[in-house]
Amino acid sequence: MELPFAESYKIKMVERIYRSTRKQREDWIKQASYNLFNLKSEQVYIDLLTDSGTGAMSQNQWAAIMTGDESYAGSSSYYHLKDAIRTILGFEYFLPTHQGRAAENVLFSVLVKADNVVPGNSHFDTTKGHIEYRKASAVDCTIDEAFDTDSLHPFKGNIDLEKLEAVYTAHPVGQIPMVIVTLTCNTSGGQPVSMQNLRDVYALSQKYGIKVVFDSARFAENAWFIQQREDEYRNKTIKEIVAEMFSYADAMTMSSKKDGIVNIGGFIAVKEEALYKQASVFNIMFEGFNTYGGMAGRDMNALAVGLDEVTTDDYLENRIQQVAYLGNLLIANNIPVQKPIGGHAVFVDAKKFLGHVPKEEYVAQTLAIELYLESGVRGVEVGTLLADRDPLTRENRYPKLEMLRLAIPRRTYTNNHMDVVAVALKNIFDRRELINHGYRIKKEAPIMRHFSVELEHADDTNQD
Ligand SMILES: *Cc1c(COP(=O)(O)O)cnc(C)c1O
């Protein structure tokens, strides 16, 4: 008999988590105005709010923390990280920042001007925020298959080259500072971009003289899918695949809280010295001197080790296997999810799950609240609350997909935890016909409302 799969690590340190009763959770979520961001972490049993900064570091990362060099200028930790970025990702120049959005802020301060157009594959929310804040616009060129949760396209993060070329020909080149390719594409469900697509996007962009920037938060997970799904990469190592991926980029931004497997940090890396020098000015202004940016020396050390670990084949097999494990449990129970299962999260199709809840009552948020009440599991809405209002009309924007995202922290939970999540969702699925109403907004902020929004039951006949 073939031996079953098991994790290639054992546990050296544990952190207590707490179960609660349904009554407690009813009180807590009401006090939190039905916004899961307002819950205290002790009120959550299994926390799948995000995979950002929530992973477990290895003993080698913790050892590297102890040898961090906190010199203001020229620390050995800076040089460790510089070496890792050069050898693993292939960039000569880099700037540390305190997290991914800070990398965007610094790089876009150089590149993005008012009225610019920035095409990409479903830009991440902070990326779009930093573009729109500069009065430029983000154009989504993701392939259409990404918006059909039942399509089994192996690379739903791909850019549609015709849509991209249409943007390139519709505007003067000077108005398009770059194309941003997000690896993997979070907004479409942690879906990968193929090597072929990266190569084609680069060739097309070179033809028009437009820079290619990778938003690289989950680059290693993307490389794993290339190895599994693109024939010619079957026998290549992850490090070889990663090196080729980044050969098709002029610059990158990174949220190290994802595939850096650290709790905080980010960076920009570029190939061209001139761009590095321009970005340095903003880095010093917003983040810190070039050899630490927003990071402590110890954190740069841990990140250098994290970049090496995340690009090993066995780490990624463990990682993706666990996400697929949860996804397959849900599929076995007929729960509608984005397929194929992505790299860092399982995305439940809330419109298909809760067909009776009107779209004006925040369907995915309703499902997220139900899941919390059922089990103490915290997921996150990727739907109408997140999509926010149109900046001009102030009307709600209803996105094509209304999702409950279950993001899995790296090396943190066991498959027993995944079993709990799956049973909780099955219980809700079995009684879904009884859920007819969602929530309405009591208070919201003018931008990025999902973090602070206050909600109440939409059904007036409800006891509260
Ligand atoms: C998380 C993330 C960011 C922003 O990074 P932070 O570290 O949260 O500031 C940008 N792009 C993508 C794709 C991300 O996942």
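A polar contact here is a pair of N or O atoms within 3.5 Å. With that in hand, let's step through some close-up views of this predicted model.

**View 1. Polar contacts hold our attention at the ligand, with Arg101 as the starting point.** A polar atom in the side chain of Arg101 sits 2.7 Å from a ligand oxygen, which falls within the 3.5 Å cut-off. Gly100 takes part through its backbone, where a polar atom is 2.8 Å from an oxygen atom of the ligand. Arg218 uses its side chain instead, placing an N or O atom 3.0 Å from a ligand oxygen. On its own the ligand would expose 380 Å², and the protein buries 98% of that.

**View 2. A shell of 13 residues surrounds the ligand.** The nearest of them are Gln99, Arg101, Asp215, Ser255 and Lys258. If you sort the shell by residue type, you will find six charged, five polar and two nonpolar residues. Helix H4, spanning residues 100-111, is the top contributor to this shell, supplying three residues.

**View 3. Phe37 and Phe451 form an edge-to-face pair.** The model has 16 aromatic pairs, and this is one to look at closely. The two ring centres are 4.9 Å apart and the planes meet at 70 degrees, so the pair is classed as edge-to-face, the cut-off for that label being over 60 degrees. Phe37 belongs to the loop between helix H1 (22-31) and strand E1 (46-47), and Phe451 to the loop between strand E13 (439-443) and strand E14 (454-457), so the pair ties together parts 414 residues apart in sequence. Phe37 is partly exposed at 29% relative accessibility, and Phe451 is partly exposed too, at 37%.

**View 4. Phe219 and Phe246 bring two helices together.** Here the ring centres lie 5.6 Å apart with planes at 65 degrees, so this pair is edge-to-face. Phe219 is in helix H8 (residues 219-229) and Phe246 in helix H9 (residues 238-247), so parts 27 residues apart in sequence are tied together. Phe219 is buried, with 0% relative accessibility, and Phe246 is buried at 1%.

**View 5. Four aromatic residues join in a cluster.** Ring pairs link Tyr78, Tyr79, Phe94 and Phe267.

**View 6. Charged side chains sit over the rings of Phe124 and Phe429.** Lys258 is found over the face of Phe124, 5.3 Å from the ring centre. You may recall Lys258 from View 2, where it is among the residues nearest the ligand. Over the ring of Phe429 sits the charged end of Arg432, at 3.9 Å from the centre.

Methods: Residues numbered from 1 in each chain as written. Predicted model: local features only at pLDDT ≥ 70, side-chain atom pairs only at ≥ 80, totals over all residues. Heavy atoms only, no water. Near = heavy atom within 4 Å. Polar contact = N/O pair within 3.5 Å; in protein donor to acceptor, adjacent residues only side chain to side chain. Areas by Shrake-Rupley, 256 points an atom, 1.4 Å probe, with all protein chains shown as cover. Helix = DSSP H or I, 4+ residues; strand = E, 2+ residues; numbered from the N terminus. Nonpolar A, V, L, I, M, F, W, Y, C, P; charged D, E, K, R; others polar. Phe/Tyr/Trp six-rings, centres within 6.5 Å; stacked < 30°, edge-to-face > 60°. Buried < 20%, exposed > 50% of the residue type's maximum accessible area, 1.4 Å probe, protein only. Lys NZ or Arg CZ within 6 Å of the ring centre and 35° of its normal.
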